[in-house]
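Reader: I've got a structure to look at, and I'd like some help reading it. Where do we begin?

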Amino acid sequence: MKVLVPVKRVIDYNIKVRVKADGAGVDLANVKMSINPFDEVAVEEAIRLKEAGIASEVVVASIGEPKAVDTLRTALAMGADRGIFVLDDQGVEIEPLAVAKILAKIVADEGPELVILGKQAIDNDMNATGQMLAALLGWGQATFASKLEIADGAATVTREVDGGLQTVAATLPAIVSVDLRLNEPRFASLPNIMKAKKKPIAEKTPADYGVDPAPRLQVLRTEEPATREAGVILGSVDELAAKLKEEGLV
Amino acid sequence: MSFPTTARVVIIGGGIVGVSALYHLAKAGWADCVLLEKNELCAGSTWHAAGNCPNVAPNYGVMTMQRYSLALYRGLADEVDYPINYHVSGAIRLAHTQERMMEFEHMRSWGAGMGLKIDMCTPEELQAHFPFMEIHDLEGGLWDPLDGDIDPSQVTQALAAGARQHGGAIHRFTPATGVSRDAGEWIVHTEKGDIRCEFVVNAGGYYAGRIGEWFIPHGGRPVPMTVLSHQYFLTEAIPEIAAWTEEHGRKLPMIRDVDVSYYLRQDTHSLNLGPYERNCAAAWVEDDDPIPEDFSFQLFPDDLDRLEHYIMDAMERVPLLGTQGVARNINGPIPYAPDGLPLLGPMPGVPNAFEAHCFTFGIAQGGGAGKILAEWIIEGRTEWDMWSVDPRRYTDYTDKAYNRGKALETYGHEYAIHFPHHEWPAERNKKTSPNHDRLIADGAQMGAYNGWERANWFAKPGDDVSEAATETWRRDGPWAQRIREEAHAVRDGVGVIDMCGFTRYALAGPGAAGWLRGRIAGGLPRAGRMNLIYFSDVRGRVMTEMSCIRHGDDDFTLMTAAAAQWHDFEFLKAALPNDLALEDRTAEITPFMVSGPKSRDLLSGLTDADLSLGWLTHQNAKLAGVDVMLARVSFAGELGWEVHTPQADAQTVYAALRDAGATTFGMYALNALRIEKGYLGWKGDLSSDYSLLETGLDRFVKLDKEQDFPGKAAIQAEADAGVAKRLTTLIVDTGEYDAPYMSTVYAGDAQVGQVTSAAYGHRVDAAIALAMMDADAAAPGAEVEIEIFGARARAVVQPKGAVWDPKNLRLRA
């Protein structure tokens, strides 16, 4: 069974996000970027399926600017077998529908039985690509997986939902979007990082798949959250009570 | 805490250096000081620093500073009651070559001179310190038991706690937005209001360049710095290391593989690898890539590819490194001055402003830097000579290309050996003599002196002039025979050297002579004559030396070393009365030194000057049809004149001197010649670590003159008590190597001195060293030993005065 894992390059989760001075978006110049943490979980799960003898090959795919190929190398260093890199150099962020369309073509080319991907990317929190891909392919989908079992031609997925856990089964081929609690991704060792440089990455463009990546949404403005006002340190409970009264809070 | 409107000192920047400065100021009783931090403390480069804490440094001033920091940190947690993770794990440095072993021997020796116990190791001893290491290709190494690592944020917070305990104020999330000057005071502007203060400190880390721009309208210059990116990464926990630590109750020592260029350190139970790669990267240097308004707690993108060569090497050294995953890569901004040393001290051109930034080993140096900065502010001087980090060592030649090119060169060679005949090649020819092309055509091998290119030696066809040939500690090399020939030409005939960039000031105005007499330790020459003058501080220590040429009652030319250009100008300017004019004329005049017994014969054919005028006279004259000033003096110690020539005529005069038969000689020969005369080098022999009397400058001190001068009382007291140390000339029984700076002098097992400079004297045919010796070990004829790269060389103390022409008969001929 071949597994396809789409991965996205995003601003590192440790980094404080800065909005550009002109409000035209987030400042990404010279900022640390990483693989989307949800996608990292997806890669880990696919590699574990291969290590368990369930998957035969793990193919990772990414779409984005030239540097996004680094994200594929991260996945290859973890243990994925090969990569597909779709260069999208248009300078604006590609939207989930265009991504899903390209992924649908990749699925058609590669013929995986399972697509595992992060439930959302931490930069724009769209939570849409997996669902759109399932719709385009007409495949079953199981989202927000915190547990995944493959057996007898079906994926059994435990999902995190409001109020508890829900278990669903999807007949393969299927789309599974993953949550952070599914697994704890490994760190690549130095020898594996070096080996990953020699693993094959096919280079493509959206045009190769007949997809127009131009955005359909318009970003009106980007703003930072309002700055929190500085607090004051009070010496006693009485002072606190007095202060709360003074502010009209009690 | 209400926001202050006044303070004595405002420090801009809350990294370890700014906080340490506040701590030291507050501890010294200057409680009315304020630190402004744009974000949270440590938000710049401090938070992502690796926290390595070495004692050893290849630079004396820096080593002094680091040694102080480490001693401070060992007691700081208890002093301020703020716990700090500080692991004194020790560290080993690895040597792959004999030349590196020699560098280590020298570091061990000067460490011993500072009271540090640092040991040489065999490869097997290195492996005993770090059992997981391959050693088959090593020559040996160096073990420093006091090396280690400290948590950068904790040590900064501990210093902040100490500063607050002593009354210092820290305002976080308070960006300074600019400075202005009013009635002789600074006003520092912030988003929360203005603070009026006496002193201001730029401790802005990688933002120091931006902050420095605020001072340009007040006389400042663009800060000579570049931001580079330094990466290190941490592995996951390694079970074998965890087990070793469990068994031994401590961490493994740090490894610095200096020939490959990386450090490797245990971090909890993982490893931390930090290379200094050749193909390093600068950030925020292009116009289309400006430094962001705020980069607090941010990092650059990972770029492990850049480190591949170093990673592969380190994995072969310590195979455990590759057994676990890479958990975290840190690629952060780090500010570099062109030479990679801090900019710490007075801000050039700006009153009551100081710089304290460009720390590339900021955690190890921060403690000492705070002490030094506090001394600059409170006392106006420092306990130790800190010229090697003084911001004034960089003058007006440091453009953007220089700053960047040199920073990249320095970073890529962070651990490289600095050999005595090696010149770093990046960003050269910033300032050249009008005769530059002719010098090159004559085979000149150039060196940079305050940005000016001067000939070090002149190669002949077939000489190996490669950079590789200079990578040796040996005195011998392609230059050796040429230096000897040049020195002998000066001894037997006549030589000429183009001393472009020799610093030159004009001082004039009513009362100039009286003012100078109140500043210098000795006397002034009469009009028409010249002599050396020395300046001391209140401790009687050597501040600087100048040649003083007196044209009229109150009209002087003062000359000093090329490197001293801004330092000495500011030193004079600081105390200068308003009605005196002091101007820097360095770029207007090229001085040629024409020296040798045949110099009178040679000059007589070229000039109408009166060449019978005695030693230490000067006169204006025509030479080769050009108006020049002739000064009868010779730093080479022979009959000779300096020919001070307007820049526009420098080619004409040089051509005339050469065509008349003067042999070219270079700075290496000049150094060999001057040491035979006991003439002193600026910031080698002449250091504020030593007093005028210790430096043997008694004849330039007039304690009976009527004027007071800085240090007069201290020098009087020292003269009464007798000096404890004395700069001494030694003839050294050394074959292949001259004693490097700060080599230790022994009498038996006792340390009795340190070498300040050394060279081979080709006129006396002997190796010479100048050393600051304990006075009671410096009796003429006394036999001592100098430790030169680990071997003891016999040395004999010479009588006071020069070993060549002690009665100055040749000078006066």
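Author: Let's go through the interface, one residue and the cavities. Keep in mind that this is a predicted model.

Reader: Okay, how do people put a number on an interface?

Author: The size of an interface is often given as the accessible area lost when the parts come together. Here, chain A and chain B bury about 1900 Å² between them, with 56% of it on carbon and sulfur atoms. Asn30(A), Lys32(A) and Leu190(A) supply 34% of the area that chain A buries against chain B, more than any other three residues.

Reader: How many residues does each chain bring to the contact?

Author: Chain A brings 16 residues and chain B brings 28 residues.

Reader: And how many salt bridges are there across the interface?

Author: The rule finds 3 salt bridges between chain A and chain B. Take Glu308(B) and Lys197(A): they form a salt bridge whose closest N and O atoms are 2.1 Å apart.

Reader: Now a single residue. Is Gly596(B) buried or exposed?

Author: Buried counts as under 20% relative accessible area. Gly596(B) has 0% relative accessibility, so Gly596(B) counts as buried. You'll find Gly596(B) in the loop between strand E28 (589-595) and helix H15 (599-604) of chain B. Among the residues that Gly596(B) touches are Val490(B) and Leu639(B). Gly596(B) and Leu639(B) are 43 residues apart in sequence, yet 5.3 Å apart in space, C-alpha to C-alpha.

Reader: What about holes inside?

Author: A search of the whole structure turns up 5 cavities of 30 Å³ or more. The largest cavity has a volume of about 60 Å³, and its lining has 3 nonpolar, no polar and 4 charged residues. Lys101(A) and Asp212(A) are among the residues lining the largest cavity.

Key: Residues numbered from 1 in each chain as written. Chains lettered and ligands numbered in written order. Predicted model: local features only at pLDDT ≥ 70, side-chain atom pairs only at ≥ 80, totals over all residues. Heavy atoms only, no water. 1 Å grid on protein atoms, 1.4 Å probe; cavity = no way out; pocket = protein on both sides within 12 Å on 5 of 7 lines; lining within 4 Å. Points joined across faces, edges and corners; volume = space filled by probe spheres on them. Nonpolar A, V, L, I, M, F, W, Y, C, P; charged D, E, K, R; others polar. Helix = DSSP H or I, 4+ residues; strand = E, 2+ residues; numbered from the N terminus. Buried < 20%, exposed > 50% of the residue type's maximum accessible area, 1.4 Å probe, protein only. Contact = heavy atoms within 4.5 Å. Buried area = accessible area lost by both parts, 1.4 Å probe. Salt bridge = Lys/Arg side-chain N within 4 Å of Asp/Glu carboxyl O. Lists of a residue's contacts leave out its neighbours within four places in sequence.
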